[in-house]
Amino acid sequence: MPLWALALGALLGLLATLWGGRRKAPRGPRLLCRPSALALHLERRCPALRRAPAGWAALPALQTLLGVAGPAPGGLRFLRTHLQMSDGGLVALDWAAGPAPAKPGQQPPPVLLLIPNSFGKVTRNLSQGSQGGAKCWLRQRGEPAPLQQQQQQRWRLPLKLGTSRPGLRAALPSPPARSWPCRCPQLCRLALLHGYCPVVFNRRGHNGCPLSTPKLQPYGDPADLQEAIRYLRCRCPGAQLFAAAESTGAGLLLSHLGECGSSSQLAAAGCISPIFSPRKWFEGGCPWHWQQPLLLYQKAWLSRFATALGEVLPLESFFGGRSLRELEEALFCQAQGWDAYWESNDPLRDVDEVAVPVLCICSQDDPVCRGPGNGPPRELFETNPYLFLALARHGGHCGFLQHGLRGSCWSHELLLEFFQAAADFLGDEGKAKGAGAPAARATGAGEACGDVHGWRRSYTR
């Protein structure tokens with residue numbers, strides 16, 4: 001059979017699949033959770049739960065590829081802030097340019113913290129783009145580190161790039177301001193339209209963030225994220241703080257929620273295509289044809305820091321690794337074993353302590369998390385009143401596309417509806433109990449940032 005006939009047959013089969021998917025209306029996702037007043041409120045206030053991704057979403061591999069490297073609609077501008085950690089390391093916060101800040105007397109806009117995956121790859125579904133400048137936030141030398149002073153923050157005003165002052169330790173400045181198209185503005189753009197202030201959290205060495213110390217962030221160690229959240233709470237007093245993560249980045253968010261419990265300083269959180277059993281996934285749960293691009297991407301990223309990290313890490317074993325487990329062991333298991341590493345980095349190790357509403361969005365045809373034990377633990381969502389699982393039939397891994405390639409994602413619309421519904425419910429609950437809506441105490445620089453949750457929760461009445 002000639003080659004053109006095979007190509008024509010494949011094209012006709014693809015068109016038939018797409019046409020059949022469009023004619024057959026997809027069923028809405030299943031919401032798995034423990035019955036509660038909040039669950040009923042979410043079902044009423046989240047219209048996205050009554051619809052599903054587009055019919056052509058029955059192609060999970062295509063959904064995943066488009067979600068990772070598909071075309072992005074236009075560009076966004078970001079302002080980068082480098083944040084210095086207690087050990088001298090740096091993380092970067094990219095602030096999306098949006099409407100003017102709230103005027104005095106107005107309610108400040110809610111802040112949405114976006115956490116990319118653990119490989120540092122910011123997909124088109126989150127947000128990363130042009131940096132319209134840089135700020136250098138300083139901490140006075142000799143002050144206790146934020147993790148050691150129990151939320152006593154003393155942040156100084158930004159200095160101009162290239163300047164210094166005696167007694168101050170500055171974060172490394174960003175490169176000169178540049179402008180390039182944003183590759184993944186989906187959730188960030190939609191959040192701006194809904195009145196949020198989106199901020200992207202970049203780990204040490206990821207997405208242009210300098211690596212100032214020979215230390216990388218383990219899979220489920222939320223120490224840097226917790227310090228960044230406390231900084232956001234102090235910089236945006238009175239604003240509600242939400243967080244969203246995708247893929248392996250959800251492990252960092254779930255670790256923070258479980259470790260901090262009711263002191264997480266988040267009003268609600270969401271995870272798109274989280275990996276609930278990362279150890280099994282690293283040991284062989286990721287299919288080979290998806291694992292190889294991740295290996296190449298991670299090796300290319302770490303090659304930038306080979307000189308600095310070569311003195312403390314066995315980079316020969318890293319660059320010679322043929323699996324995700326070998327790479328993870330080379331980076332983080334030099335002073336401890338594989339079992340001990342996951343005892344302290346499993347994202348579900350303290351999941352029973354989660355005390356804020358969390359929505360996890362997954363698909364049954366996820367091509368990246370296939371195999372026994374890699375799916376969502378349904379019994380966890382059926383017993384924990386704070387965890388909700390939206391399980392769609394189709395959508396791939398971090399895909400869930402609808403309205404064409406340049407339209408919004410169904411998962412993003414559902415996530416923002418969930419945040420609004422959860423905030424409204426908790427605010428009404430607080431008013432009914434006389435505690436008021438959840439809001440942070442107004443603090444300024446140099447004041448203590450106390451517990452922002454001065455209200456009681458009642459999700460299971």
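**Exercise 1. Two tryptophans**

Decide whether Trp 338 and Trp 342 are buried or exposed, and state which helix holds them.

Solution. Both Trp 338 and Trp 342 are buried, where buried means under 20% relative accessible area, exposed over 50%, and partly exposed in between (1.4 Å probe, protein chains only). The value for Trp 342 is 4% relative accessibility, so Trp 342 counts as buried. The two residues lie in helix H12 (residues 338-343), four residues apart, about one turn of the helix. Helices (H or I, at least four residues) and strands (E, at least two) are DSSP runs, numbered from the N terminus.

The model is predicted: local features need pLDDT of at least 70, side-chain atom pairs count only at pLDDT 80 or more, and totals for chains, interfaces and linings use all residues. Residues are numbered from 1 along each chain as its sequence is written, and side-chain values use heavy atoms, with hydrogens and water left out.

**Exercise 2. Confidence and overall make-up**

Give the average pLDDT of the protein, then name stretches where the pLDDT is below 50.

Solution. Start with the average: it is 76, and 68% of the residues score at least 70; pLDDT is the predictor's confidence in each residue, from 0 to 100. Next, the pLDDT is below 50 over residues 127-184, a stretch with 150 contacts in the model beyond near neighbours in sequence. Residues 450-461 also have a pLDDT below 50, with 42 such contacts. Contact means heavy atoms within 4.5 Å.

For the make-up, the protein has 14 helices and 12 strands. Of its 461 residues, 55% count as buried. Among contacts with a separation of 6 or more, 80% are between residues 24 or more positions apart.

**Exercise 3. Aromatic geometry**

Count the aromatic pairs and classify the pair Trp 338 and Trp 342.

Solution. The rule comes before the count: rings of Phe, Tyr and Trp (its six-membered ring) pair if their centres lie within 6.5 Å; planes under 30 degrees apart count as stacked, over 60 as edge-to-face and the rest as tilted. The count by this rule is 17 aromatic pairs. For Trp 338 and Trp 342, the ring centres are 5.7 Å apart and the planes are at 80 degrees, so the pair is edge-to-face. Tyr 341 and Trp 342 have ring centres 5.1 Å apart and planes at 75 degrees, so this pair is edge-to-face as well.

These residues belong to one aromatic cluster, formed by Phe 119, Tyr 219, Trp 281, Phe 282, Phe 332, Trp 338, Tyr 341 and Trp 342.

**Exercise 4. Surroundings of Tyr 341 and Glu 328**

Which residues does Tyr 341 touch, not counting residues up to four places away in sequence, and how far from Glu 328 is the nearest side chain of opposite charge?

Solution. Tyr 341 is found in helix H12 and is buried, with a relative accessible area of 0%. Its contacts are Pro 218, Tyr 219, Glu 328, Phe 332, Cys 333 and Gln 336. Pro 218 is 123 residues away along the chain, and its C-alpha atom is separated from that of Tyr 341 by 8.9 Å.

Now turn to Glu 328, in helix H11 (residues 324-332). Beyond four places in sequence, Glu 328 contacts Tyr 219, Phe 282, Cys 333, Trp 338 and Tyr 341. Glu 328 is buried yet has no salt bridge, and the nearest side chain of opposite charge, Arg 203, is 7.9 Å away. Lys and Arg count as positive and Asp and Glu as negative; His and the chain ends are not counted.

**Exercise 5. Salt bridges across the chain**

State how many salt bridges the structure holds, and locate the partners of Arg 45, Arg 51 and Arg 279.

Solution. A salt bridge is a side-chain nitrogen of Lys or Arg within 4 Å of a carboxyl oxygen of Asp or Glu. The structure holds 12.

- Arg 45 meets Asp 424 at 2.9 Å, N to O. Arg 45 is in helix H2 (residues 37-45) and Asp 424 in helix H14 (residues 410-432), 379 residues apart.
- Arg 51 pairs with Glu 413, the closest N and O atoms being 2.5 Å apart. Glu 413 lies in helix H14 and Arg 51 in the loop between H2 and helix H3 (60-69), so the pair ties together parts that are 362 residues apart in sequence. Glu 413 counts as buried at 16% relative accessibility, whereas Arg 51 is partly exposed at 30%.
- Arg 279 meets Asp 339 at 2.3 Å, N to O. Arg 279 is in helix H7 (residues 278-285) and Asp 339 in helix H12, 60 residues apart. Salt bridges that share partners join Arg 279, Glu 283, Arg 325, Glu 329 and Asp 339 into one network.
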